[in-house]
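Trainee: I would like to learn how to read a model of this kind with proper care. Where should we begin?

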Amino acid sequence: MISQNSSTSNFSYLRYLALGAVACISMTSLVMGVSLYAVRNNLIWWQFGDLFAYQTKKLQDKRPIDVLLVGDSSLGNGVDARQWSRELNKNVVSLALTGINGLEGSLNMIRRATRHVPVSAIIIIQAADMMTRVPNRKASLYTAERWEDIDDLRPLDLVSGLANWDILSRTIVHLVKPNDDSKIQDFDYVPQTEPLSSVAHFLTPPQPSADVKDIQDANFRIVRHIADECRRLKIACVYI
């Protein structure tokens with residue numbers, strides 16, 4: 001026979017457990033909400049946060065874009081959009097991000113640009129091994145302008161991408177030290193670091209070349225999303 005004291009004790013234990021669960025869910029939801037607001041408004045200080053802010057700021061200029069360039073550092077370091085504009089007498093705009101944003105970042109930059117200004121043609125320039133890289137699903141979240149821009153994001157990715165103190169701490173850093181794009185303006189991209197010395201280069205082991213069997217199927221889905229977006233917008237797109 002269960003005593004009344006034992007029954008009361010079990011009830012109190014379950015009540016405290018339920019209250020703890022509610023508090024945990026509420027705190028997680030609050031952190032996710034603040035993090036989402038910080039991400040959507042570019043209030044995070046991170047390694048390439050200033051680059052993302054610099055590139056998206058270009059869309060405040062409402063002039064039609066004749067040629068839109070999107071991609072990673074292969075584009076940022078290899079193409080001078082300003083020179084293209086002068087040579088072609090066209091408005092060529094580069095919204096290059098970095099490899100960490102992957103194809104997801106390029107897709108969302110296309111979406112963002114075409115919502116804000118008319119675009120005539122799009123060129124996508126990614127690293128040669130991009131198709132073999134593991135997709136960065138969180139990049140889809142961090143570069144999205146709207147909810148519908150978040151592609152193939154699992155609920156776990158959404159929670160882990162937003163419910164973390166790292167974003168909050170970086171938001172606080174941003175409030176103290178806002179993103180500074182003054183160095184980026186000179187090159188229209190992130191200035192590169194000093195090259196490796198000959199000794200360091202000699203000691204660096206060679207990287208294995210990409211193989212067809214290493215191609216990630218998920219990357220094909222993103223490329224198809226890009227193609228679908230171009231067809232929907234009736235814009236000529238070229239992937240390099």
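Mentor: Begin with pLDDT, which is the predictor's confidence in each residue, from 0 to 100. The mean pLDDT of this protein is 79, and 66% of its residues reach 70 or more. Over residues 194-203, however, the pLDDT is below 50, and this stretch has two contacts in the model beyond near neighbours in sequence, a contact being heavy atoms within 4.5 Å. Where pLDDT is low, the predicted coordinates should not be read in detail. Because this is a predicted model, local features need pLDDT of at least 70 and side-chain atom pairs count only at pLDDT 80 or more, while totals for chains, interfaces and linings use all residues. Residues are numbered from 1 along each chain as its sequence is written, and side-chain values use heavy atoms, with hydrogens and water left out.

Trainee: Which elements give two or more residues to the largest nonpolar core?

Mentor: In soluble globular proteins, nonpolar side chains tend to be buried together. A nonpolar core is a set of buried Ala, Val, Leu, Ile, Met, Phe, Trp, Tyr and Cys residues joined through side-chain atoms within 4.5 Å, where buried means under 20% relative accessible area, exposed over 50%, and partly exposed in between, with a 1.4 Å probe and protein chains only. Of the 23 residues in the largest such core, Ile65, Leu68, Val70, Leu95, Val119 and Ile122 touch the most other members. The elements giving two or more residues to this core are strand 1 (65-71), helix 5, strand 3 (119-125) and helix 11; helices (H or I, at least four residues) and strands (E, at least two) are DSSP runs, numbered from the N terminus. Helix 5 gives the most to this core, with five residues, and a second, separate core of 13 residues includes Leu69, Val79, Val92 and Ile125.

Trainee: How many residues of helix 5 are buried, and what span should the helix have?

Mentor: The expected span of a helix is 1.5 Å times one less than its number of residues. The 15 residues of helix 5 should therefore span 21 Å, and its end C-alpha atoms are 22 Å apart, which agrees. Helix 5 is mostly covered, with 13 of its 15 residues buried.

Trainee: Which side chain joins that of Thr143 in a polar contact?

Mentor: A polar contact is a pair of N or O atoms within 3.5 Å; within protein, one must be able to donate a hydrogen and the other to accept it, and residues adjacent in sequence count only if both atoms are side-chain atoms. Thr143 sits in the loop between helix 6 (137-142) and helix 7 (155-162), and its side chain is joined to that of Asn108 by a polar contact of 2.9 Å. Asn108, which lies in helix 5 (residues 102-116), also makes a side-chain polar contact with Arg111 (3.0 Å). Thr143 is buried, at a relative accessible area of 1%, and Asn108 is likewise buried, at 2%.

Trainee: How many disulfides does a search of the whole structure find?

Mentor: A disulfide is a pair of cysteine sulfur atoms within 2.5 Å. The search finds one, formed by Cys230 and Cys237 with their sulfur atoms 2.0 Å apart. The torsion about this S-S bond is about -95 degrees, so the disulfide is left-handed. Cys230 is buried, with a relative accessible area of 7%, whereas Cys237 is partly exposed at 30%.
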